[in-house]
Amino acid sequence: MKCPFCGKDDTRVIDSRPADDNTSIRRRRVCDSCSKRFTTYEKVETIPLIVIKKGDVREPYDRAKIEAGVFRACHKRPVSAEQITKIVDAVETEIFNMEQKEIPSRAIGEIVMDKMKNLDPVAYVRFASVYREFKDVNTFMDELKSVLKKEAEGTITDSTDKNTPLLKKE
């Protein structure tokens, strides 16, 4: 590697260690010509992911958009920032494990909803109402009834504070 100070090619690694939660390697190097030290980072090169939005508009994948959507759905709910981060990490892992160069935003939304079902039913319904663009009260109620039915069957479990009421059952 070229020295950033003198431009010579004769540098060597004097220390290597993991960085950024083991997602990269930090290397300390020294130049044999000018004796100056510098740091480099080595990361796995990822394939840039393109999200296909409605109307076939394409844009680069942005983790922050998923975080913002989940955060909005969990607003004033007993869901910690750590739980939100874990959901987004799980969604991102599933997306990247598909090893696709392009993914429809619809697929991402379905993955997010799947992960949110067991997090908090109210947050799930909030996210679903925006994602699925409920046009009227009936479609919203259908989704709500589905959540209540699955909760009664035990197929949806609540991971929030058990003293907090989820949905009022009348």
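Among the contacts in this chain between residues at least 6 apart in sequence, 46% join residues at least 24 apart. The model I am presenting is a predicted one. Buried residues make up 32% of the chain, which has 170 residues. Its secondary structure comes to five helices and six strands. In sequence order, these elements follow the pattern β-β-β-β-β-α-α-β-α-α-α.

Allow me to take the sheets in turn. Strands of a sheet pair through backbone hydrogen bonds, either parallel or antiparallel.

One open sheet is formed by three strands in the order S1-S2-S3, and its pairing is antiparallel. Strand S1, residues 11-19, and strand S3, residues 37-43, stand at the edges with a single partner strand each, so one side of each has no neighbour in the sheet. On average, neighbouring strands here are turned by 25° against each other, direction ignored.

How many bridges join S1 to S2? There are eight bridges between S1 and strand S2, residues 24-31, and the two strands run antiparallel. Two of the pairs may serve as landmarks on the screen. Ser-16 has Arg-27 in S2 as its bridge partner, and Pro-18 stands opposite Ile-25 in S2. S1 and S2 form a hairpin with four residues between them. In that turn, Asp-20 has a positive phi of about 50°.

On the other side of the pairing scheme, S2 is joined to S3 by seven bridges, again in an antiparallel run. Here Arg-29 has Phe-38 in S3 as its bridge partner. The hairpin of S2 and S3 has five residues between the strands, and Ser-35 takes a positive phi near 65°.

I should like to pause at one residue of this region, Asp-32, which lies in the loop between S2 and S3. Is Asp-32 buried or partly exposed? Its relative accessible area is 42%, so Asp-32 counts as partly exposed. Leaving aside neighbours within four places in sequence, Asp-32 is in contact with Asp-10 and Arg-12. The C-alpha atom of Asp-32 is separated by 8.9 Å from that of Asp-9, although these residues are 23 residues apart along the chain.

I turn now to the other sheet. Three strands form this open sheet, in the order S5-S4-S6, and the pairing is mixed. Strand S5, residues 58-60, and strand S6, residues 102-104, are the edge strands; each has a single partner strand, so one side of each is left without a neighbour in the sheet. Neighbouring strands in this sheet are turned by 35° against each other on average, direction ignored.

Strand S4, residues 50-52, pairs with S5 in the antiparallel sense over three bridges. Within this pairing, Ile-50 stands opposite Pro-60 in S5. A helix also packs on this sheet: helix H3, residues 105-116, touches S4 and S6. The direction of H3 makes about 65° with that of S6.

The last topic is the pockets. Rolling a probe the size of a water molecule over the atoms shows where empty space is left.

The largest pocket holds about 730 Å³ of space. Which residues lie closest to the centre of the largest pocket? Of the 24 residues that line it, the closest to the centre are Lys-53, Ser-105, Gly-109, Phe-127 and Tyr-131. Several elements give two or more residues to this lining: S4, S5, helix H1 (63-73), H3 and helix H4 (121-131). S4, S5 and H3 are thus familiar names from the sheet in the order S5-S4-S6 and from the helix that packs on it. By residue type, the lining of the largest pocket divides into 12 nonpolar, three polar and nine charged residues.

The second largest pocket contains about 290 Å³ of space. Which residues line the second largest pocket? They are Asp-21, Thr-23, Lys-43, Val-44, Thr-46 and Phe-96. This lining divides into two nonpolar, two polar and two charged residues. One of these residues, Lys-43, belongs to S3, the edge strand that spans 37-43.

To close, I return to the two sheets. One has the order S1-S2-S3 with antiparallel pairing, and the other has the order S5-S4-S6 with mixed pairing. Helix H3 packs on the latter sheet, and H3 is also among the elements that give two or more residues to the lining of the largest pocket.

How values were computed
Residues are numbered from 1 along each chain as its sequence is written. This is a predicted model: local features need pLDDT of at least 70, side-chain atom pairs count only at pLDDT 80 or more; totals for chains, interfaces and linings use all residues. Side-chain values use heavy atoms; hydrogens and water are left out. Two strands pair if DSSP finds at least two bridges between them. Axes are lines fitted to C-alpha atoms, for helices over the stretch in contact, and angles run from 0 to 180 degrees between N-to-C directions. Contact means heavy atoms within 4.5 Å. On a 1 Å grid over the protein atoms alone, a cavity is a set of points where a 1.4 Å probe fits but cannot get out, and a pocket is an open set with protein on both sides within 12 Å along at least five of seven lines; lining residues have an atom within 4 Å of a point. Grid points are joined across faces, edges and corners, and a volume is the space filled by probe spheres set on the points. Ala, Val, Leu, Ile, Met, Phe, Trp, Tyr, Cys and Pro count as nonpolar, Asp, Glu, Lys and Arg as charged, and the others, Gly among them, as polar. Buried means under 20% relative accessible area, exposed over 50%, partly exposed in between (1.4 Å probe, protein chains only).
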